[in-house]
Amino acid sequence: MTKRLKYLDYAKGIGIIALLFAHTMNTEENYIGIWITSWFMPIFFIVSGIILQKKFRGGTTTSDILTLVKKRIFQLVIPFVIFCTLLALFYSGLSVVSGEKPDIVSYIFRIVKFEGIDSLWFIPCYFLTELLMCILLLVKGVIGKIIRIGFLLFGICSIIFTLRFPRVLVFDCYVFTYIGFLFGRFDLIGRINIFFACILFAAGVPLAIYNGGVGMAALLFNKGYLYIINAIITSTAIISICRFIEQKEWKLSFLDYFGKNSIVVLCTNNLLIETIRLLDGKLTGNFLLSTGIWGSILFTLILIGLEFLIIKISEGPLGVIF
């Protein structure tokens with residue numbers, strides 16, 4: 001059984017908290033939001049690649065893939081359908097209340113096509129990218145490496161030139177998953193010292209701001225090569241710093257807890273965010289929205305508290321829906 005690595009959970013914890021923070025602000029006008037969106041999704045795929053390398057360093061078998069599919073159906077597909085449905089009902093209800101016609105058919109198609117609603121796009125992409133990587137690992141030797149590198153180059157071209165056709169996002173996500181796989185294979189994270197990791201972290205800030213607002217789900221990369229470079233160096237820096245923290249035996253239970261339960265947060269954050277925004281508008285006249293970055297910080301703290309309670313619920317009898 002593969003040992004759970006705390007530094008990867010720390011990194012996922014940082015990523016999911018960053019997601020909550022980014023979703024509370026206007027990223028198009030906020031440098032912090034622009035920086036966060038430059039790496040907060042790629043880091044999950046890079047972590048996934050590292051984990052896949054540690055699980056399947058000798059390659060995969062058909063049995064491994066069948067086991068993965070069965071496992072992910074319960075861990076990812078069922079929560080995807082449940083929470084997409086809840087979001088569809090929520091948004092349709094808002095449309096009815098505001099006197100508009102609800103677009104039920106559109107929501108159904110987005111669920112059936114495995115496309116997702118709001119943040120839930122991540123779940124099918126994560127599942128399909130992981131599955132693609134495992135299928136490619138079936139091919140051993142030089143031929144297998146050539147095929148995997150070929151998919152990597154195709155994904156890079158997809159980001160740089162923003163090729164648009166069904167599920168192109170999976171190939172974009174594959175870029176970062178395979179980068180993570182290579183990191184695991186050559187133990188790159190372990191070779192980076194804390195000083196160099198901090199330099200990489202600092203370098204990512206001006207690069208992100210220079211490239212401008214981006215969004216993986218929207219296939220918005222601006223200068224695609226800068227997006228790839230920045231996502232890799234910032235994610236690498238964060239994962240390396242997290243590994244340093246683990247080696248020093250500094251316990252970050254909060255990040256560890258949220259990292260292990262990042263899918264629960266991902267499934268529920270949009271419902272919570274939109275509900276809080278409605279209440280904020282009705283009760284305070286949009287206090288959280290009108291107070292800028294401080295409102296976003298307060299909003300995020302409220303979300304963290306609510307998500308903590310939901311995670312606790314997910315560990316009980318209702319956990320099956322997650």
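At what angle do the axes of helix 13 and helix 15 cross? I started my notes with this pair, keeping in mind that the model is predicted.

**Entry 1: helix packing**

I looked up helix 13, residues 262-284, and helix 15, residues 292-314. Their axes cross at roughly 130° and come within 10 Å. An angle of that value falls neither over 145 degrees nor in the 65 to 115 range, and helix 13 and helix 15 are therefore oblique to each other. I also noted the handedness: helix 13 passes helix 15 in a right-handed crossing.

I then went to helix 1 (residues 6-23) and helix 3 (residues 42-55), which pack with their axes 9 Å apart at an angle of about 160°. That makes helix 1 roughly antiparallel to helix 3, the cut-off for this label being over 145 degrees. For this pair I wrote down a left-handed crossing of helix 1 past helix 3.

**Entry 2: salt bridges**

How many salt bridges does the structure hold? I noted seven, and looked at several of them in turn.

I took Lys6 and Asp256 to begin with, where the closest N and O atoms are 3.2 Å apart. This salt bridge links distant parts of the chain, since Lys6 is in helix 1 and Asp256 in helix 12, 250 residues apart. I checked how each partner is covered. Lys6 is partly exposed, at 33% relative accessible area, whereas Asp256 counts as buried because its relative accessibility is 9%, and the cut-off for buried is under 20%. I also found that Lys6 and Asp256 belong to a network of salt bridges together with Lys260.

I next looked up Glu130 and Arg72, a salt bridge with 2.7 Å between the closest N and O atoms. Glu130 lies in helix 6 and Arg72 in helix 4 (residues 62-97), so this pair ties together parts of the chain 58 residues apart in sequence. Are Glu130 and Arg72 buried or exposed? Both residues are buried.

The last salt bridge I followed joins Asp187 to Arg243, with closest N and O atoms 3.4 Å apart. It links the loop between helix 8 (168-185) and helix 9 (188-191), where Asp187 sits, to helix 11, where Arg243 sits, and the two residues are 56 residues apart. Asp187 is partly exposed, with 32% relative accessible area.

**Entry 3: positive phi**

Which non-glycine residues did I note for a positive phi? I wrote down Phe114, with a phi of about 65°, and Glu249, with a phi of about 60°. Neither entry is a glycine.

Phe114 is in the loop between helix 5 (104-112) and helix 6 (122-136). I noted its relative accessibility as 19%, so Phe114 counts as buried. Glu249 is likewise in a loop, between helix 11 (224-247) and helix 12 (253-260). Glu249, however, is exposed, because its relative accessible area is 68% and the cut-off for exposed is over 50%.

**Entry 4: nonpolar surface patch**

I looked for nonpolar side chains on the surface and found a patch formed by Ile135, Leu138, Val139, Val142, Ile143, Ile146 and Ile147. Together these residues have about 570 Å² of accessible area. Which helix gives the most to the nonpolar patch? Helix 7 (residues 141-161) does, with four residues. I picked out Ile147, which is found in helix 7. Its relative accessible area is 31%, so Ile147 is partly exposed. That value is over the 30% needed for a patch residue.

**Entry 5: two separations along the chain**

I recorded C-alpha separations for two pairs. Val320 is in the segment after helix 15, and I noted it as exposed, at 64% relative accessible area. Its C-alpha atom is separated by 8.9 Å from that of Ile78, with the two positions 242 residues apart along the chain.

Ile199 has its place in helix 10 (residues 194-211) and is partly exposed, at 42% relative accessible area. How far apart are the C-alpha atoms of Ile199 and Ile34? I noted 19 Å for this pair, whose members are 165 residues apart along the chain.

Key: Residues are numbered from 1 along each chain as its sequence is written. This is a predicted model: local features need pLDDT of at least 70, side-chain atom pairs count only at pLDDT 80 or more; totals for chains, interfaces and linings use all residues. Side-chain values use heavy atoms; hydrogens and water are left out. Patches are made of residues with over 30% relative accessible area and no salt bridge: like charges are joined within 9 Å, nonpolar side chains (Val, Leu, Ile, Met, Phe, Trp, Tyr) within 5 Å. Accessible areas come from the Shrake-Rupley method with a 1.4 Å probe; for residues, only the protein chains shown count as cover. A salt bridge is a side-chain nitrogen of Lys or Arg within 4 Å of a carboxyl oxygen of Asp or Glu. Buried means under 20% relative accessible area, exposed over 50%, partly exposed in between (1.4 Å probe, protein chains only). Axes are lines fitted to C-alpha atoms, for helices over the stretch in contact, and angles run from 0 to 180 degrees between N-to-C directions. Angles under 35 degrees count as roughly parallel, over 145 as roughly antiparallel, 65 to 115 as roughly perpendicular and the rest as oblique. A crossing is left-handed if the near helix is turned anticlockwise from the far one by less than a right angle, and right-handed if clockwise.
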